Amino acid sequence: MDESPRAQPAERPRNAAATRLRLLEAAGELFAERGYERTTVRAIAERAGVNQALLFRYFGSKHGLLTEVVARGSLEQLRATAPEDLFETALRSMLTRSAPGADRSLEVYLRSVGRGDEATGTLRELGGEYQKVLAGLAPSQDGALRADLAMAWLLGIGLMRTVAAREPLASADPETVCRLVLTTLDRFWTLPAQPPPDGDGSPAGPPASPGTVSR
């Protein structure tokens, strides 16, 4: 449960933008490190170097802050990345989450989605935005399905490596993981929507039983 804000002297207006940014950055770090439920408002405020009352002033609640943390990172990534590079960018960000300046919005998403809080709708909407971009890389007949499958793979890798910390994936070299995943993904986007017909133009039939003689 969110801690109740305490009365504090008003912050000077000229510091408002910088304070919001510090709170967003501190919250992103702590949500990724501890998960949403284990991160307290007090801890976020302490890391940001501000009073916790300001968190409630700018974001309304910890739920509201979570939503802005994820939306900020995800939308920045969408705007700054070409569609054909989006999956790789998200994958590398997740694999190198401890690097200075690494985007941690996907990790926040993994640790926070599905908890039944008021931010879940926003997280789903962000997933929809990613789906739209990725769907454009595949044949139009099943682009949305392929985008969902690609996202499921990406999130599954994140869950196994970041949340479950399952070996050997948890400590695997990021370049090795990227090579294996991206090589497979290249064919995934270009695979025809329908299987090619057999030699005479008709769909291939079931394989003949052993010993069957063609007539």
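Partly exposed means a relative accessible area between the 20% limit for buried and the 50% limit for exposed. Keep that scale in mind for the last stop. The model on screen is predicted.

**Stop 1: the largest nonpolar core**

Select L23, F31, I44, L55, F59 and L65. Within the largest nonpolar core, which has 24 residues, these six touch the most other members. Now colour four helices: α1 (16–34), α2 (41–48), α3 (53–59) and α4 (62–80). Each of them supplies at least two residues of this core. The largest share comes from α1, with six residues.

**Stop 2: a second core**

Move on to L91, L95, A147 and L154. They are among the 22 residues of another core, which lies apart from the largest one. In soluble globular proteins, nonpolar side chains tend to be buried together.

**Stop 3: α5 against α9**

Show helix α5 (residues 83–95) and helix α9 (residues 174–190). How do their axes cross? They come within 10 Å and cross at roughly 155°. The pair is therefore roughly antiparallel, since the cut-off for that label is over 145 degrees. The crossing of α5 past α9 is right-handed.

Next, show side chains. On the α5 side, pick F87, E88, L91, R92 and L95. Facing them in α9 are P174, E175, V177, C178, V181, L182 and L185. L91 and L95 were also picked at the previous stop, as members of the 22-residue core.

**Stop 4: α8 against α9**

Keep α9 and add helix α8 (residues 143–163). Here the axes come within 11 Å and cross at roughly 165°. So α8 is also roughly antiparallel to α9. This crossing is right-handed.

Which residues make the contact? From α8, select R146, A147, L149, A150, W153, I157 and R161. From α9, select P174, V181, T184, L185, F188, W189 and T190. P174, V181 and L185 appear in the α5 contact and again in the α8 contact. A147 of α8 has come up before, in the 22-residue core.

**Stop 5: F188 and W189**

Stay on α9 and zoom in on F188 and W189. The structure holds one aromatic pair, and these two residues form it. The ring centres are 5.2 Å apart, and the planes stand at 65°. That makes the pair edge-to-face, because the planes are over 60 degrees apart.

Buried or partly exposed: which label fits each partner? F188 has 23% relative accessibility, so F188 counts as partly exposed. W189 has 10%, so W189 counts as buried. Both residues also belong to the α9 side of the contact with α8.

How values were computed
Residues numbered from 1 in each chain as written. Predicted model: local features only at pLDDT ≥ 70, side-chain atom pairs only at ≥ 80, totals over all residues. Heavy atoms only, no water. Phe/Tyr/Trp six-rings, centres within 6.5 Å; stacked < 30°, edge-to-face > 60°. Buried < 20%, exposed > 50% of the residue type's maximum accessible area, 1.4 Å probe, protein only. Core = buried A, V, L, I, M, F, W, Y, C linked by side-chain atoms within 4.5 Å. Axes fitted to C-alpha atoms, helices over the stretch in contact; angles between N-to-C directions. Parallel < 35°, antiparallel > 145°, perpendicular 65-115°, else oblique. Left-handed = near helix turned anticlockwise from the far one by under 90°. Contact = heavy atoms within 4.5 Å.
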